[in-house]
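Biologist: Hi! Could you pull up the model so we can go through it together?
Modeller: Sure, here it comes.

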Amino acid sequence: MCGIVGVLGKHEAAPLLVEALKRLEYRGYDSAGIATVNDGKLDRRRAIGKLVNLSDLLVHNPLAGKSGIGHTRWATHGAPSVKNAHPHQAGDVTVVHNGIIENFMELRAELNNNKIKCETDTDTEVVALLAKYYLSQGLSPAESVKKTISRLSGAFALAFLFDGEDDLMLVARRGSPLAIGHGDGEVYIGSDAIAMAHLTSKITYLDEGDFAQLSRKNIQIEDRNGTIVNREEKNIDVSSIAIDKAGYKHFMAKEIAEQPLTLAKTIKNYLDEDAEQIRLPKNDIKLANIDCLTMVACGTAFYAALTAKYWFEKIARIKVEVDVASEFRYREPPVTKETTAIFVSQSGETADTLAALRYMSSQNAKIISVVNVPESSIARESDLVLPLYVGPEIGVASTKAFTAQLTVLALLALKIAKTKNVITEAQYCIYLEELKVIPELINQTLSIESNIQKIAAELVSSQDVIFLGRGAMYPLAMEGALKLKEISYIHAEGYPSGELKHGPIALIDKNVPVVVIAPMDSLFDKSVSNMQEVMARSGKILLISCLKGLDKASQGTWATIVMPTIPEFIAPIIYAVPMQLLAYHTALAKGTDADQPRNLAKSVTVE
Ligand code: F6R
């Protein structure tokens, strides 16, 4: 999604802004731009495509000035083009925007009626034009911006600069995140702390509805009611948000490889000193009273929730409803007094998930969130936040966050089961010991990477790939398909193995690889029967199982991936790794950009 940065500094702003934008590249974008005020004069440069195009433009056509704003645009309204790229400028105002102005058509019509013409296809331009209009009515920059944002509906994080104002930046947030960074006689803004990590570790996160006036020496924040407020300044550990590839070709490869470490950290943070009991952050949710759960998420996080349903139902004996946020939020489902809702989100900013959370909050449900960004909107609006502890995930395709989401949800299911007394102490201990071996089993699984690379070299010529799984492997089949399609652009679908014969089996021929995820669990024989049905129709099978499983069932398959022997409880977490590696190596073989696949954004802050 779009990224915003800004600086009121002591040095030339353009290089700082470009570096800050680089740090936001992971969010996904298709054009970029910066604007500065130099000796009181506004000027801007914009380019389509990667940031390198903007940097090249700046080499040939530099932009001076110590005050500036910058933007990476992920196109929503209007194609990626220089004309539509931010910053948008109207007279003495320039603005960058993340989010969507939903009433921009009405505002555009109103401006047109006043003979003010729009020149771009974007929703953002009306913001600049309105601010310009209010300035022309004699309002101050702050009054103009306040008046402008009072006219907007939708979601936004906005940053404004003004002609003639070298020491003024105005910012506002509603629905999209925005943070202020504090320097020595300098001030910065960014969509997240990562954008400013090269400049400062002192960060203030704006709250929903905040408006702020920034100068080098003073920051004044007003809440949604116009009351001047103090927002906490946090010291963010800059090393924890260092974003380098550590020698890997892609962030995705690094993030896959670091899972033994990240998951060891996740697990450690949820165990007491003796590692005998599961410890949750302090909260007032009565776990013993939970007898039904609503889980809501998007994309990969949704598949994590869908997997967790198996644990909550089987181990904690709780009824679970799982839905994608973009559907859930508009259904207005009835909520009973005891409802507890779990929202799963790596970024903690996904617009639909946040809207679903707000709906459940308004219905007085207890809110638990499983997030990777503890300062995110979703975390801040939850009764209980369960962090992932995996550090920033930069690759657009979620990997280490997914396995951590699964691990945290498995720990929660176990904790609830214990609190509700629905499992024996002995069984609880067995499950806990199984969770502790996750890092080691992932380590073992990573050693099969070269085999997966060879399979990917053949898979890359396929047009369609089908993934099959049963039980808790069914959501993983969908996750495997999602990973493959999003980074290699090969069409892929995940199905429950038993469902294939109800339609999709018509797709099977010798050219369609079918990935069968079949650990040696209670459903193994059933999965193998479904696999046989595919083989009987010349299907090309890639079977993923342990040695014992492959011994039993690999005859006649096209390829196999050998997994370690894994307890059934934690199998979805470990079997996620070959899904990730398969997608990654297929993307490498195809030559696509695994870290920044086309059309995708990391943090989806629009609906
Ligand atoms: C896929 C992927 C997306 C996200 C989805 C939700 O690899 O990363 O499907 O899982 O956009 O994002 P979060 O978890 O930030 O809410």
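Biologist: Which residue in β20 is the bridge partner of Ser369?
Modeller: That is Val385. Keep in mind that this is a predicted model.

Biologist: How many bridges link β19 and β20, then?
Modeller: Four, and the two strands pair in the parallel sense.

Biologist: What packs on the sheet there?
Modeller: Helix α13, residues 400–419, touches β16, β18, β19 and β20. The direction of α13 makes about 160 degrees with that of β18. Helix α11 (351–362) lies across β16, β18 and β19, and α11 runs at about 165 degrees to β18.

Biologist: What's the strand order in the sheet?
Modeller: β17-β16-β18-β19-β20, an open sheet of five strands with parallel pairing. From one strand to the next, the twist averages 20 degrees.

Biologist: Why do β17 and β20 each have one side without a neighbour in the sheet?
Modeller: Because β17 (319–324) and β20 (384–387) stand at the edges, with a single partner strand each.

Biologist: Changing topic: how many cavities of 30 Å³ or more are there?
Modeller: Three. The largest has a volume of about 60 Å³, and its lining includes His77, His86, His97 and Asp123.

Biologist: What's the class mix of that lining?
Modeller: For the largest cavity, two nonpolar, six polar and two charged residues.

Biologist: And the second largest cavity, what lines that one?
Modeller: Val5, Leu16, Ile189 and Met196 are among the lining residues. By class, the lining has nine nonpolar, one polar and no charged residues. β1, α1 and α6 each supply at least two of them, and the space inside is about 40 Å³.

Conventions
Residues are numbered from 1 along each chain as its sequence is written. This is a predicted model: local features need pLDDT of at least 70, side-chain atom pairs count only at pLDDT 80 or more; totals for chains, interfaces and linings use all residues. Side-chain values use heavy atoms; hydrogens and water are left out. On a 1 Å grid over the protein atoms alone, a cavity is a set of points where a 1.4 Å probe fits but cannot get out, and a pocket is an open set with protein on both sides within 12 Å along at least five of seven lines; lining residues have an atom within 4 Å of a point. Grid points are joined across faces, edges and corners, and a volume is the space filled by probe spheres set on the points. Ala, Val, Leu, Ile, Met, Phe, Trp, Tyr, Cys and Pro count as nonpolar, Asp, Glu, Lys and Arg as charged, and the others, Gly among them, as polar. Two strands pair if DSSP finds at least two bridges between them. Axes are lines fitted to C-alpha atoms, for helices over the stretch in contact, and angles run from 0 to 180 degrees between N-to-C directions. Contact means heavy atoms within 4.5 Å.
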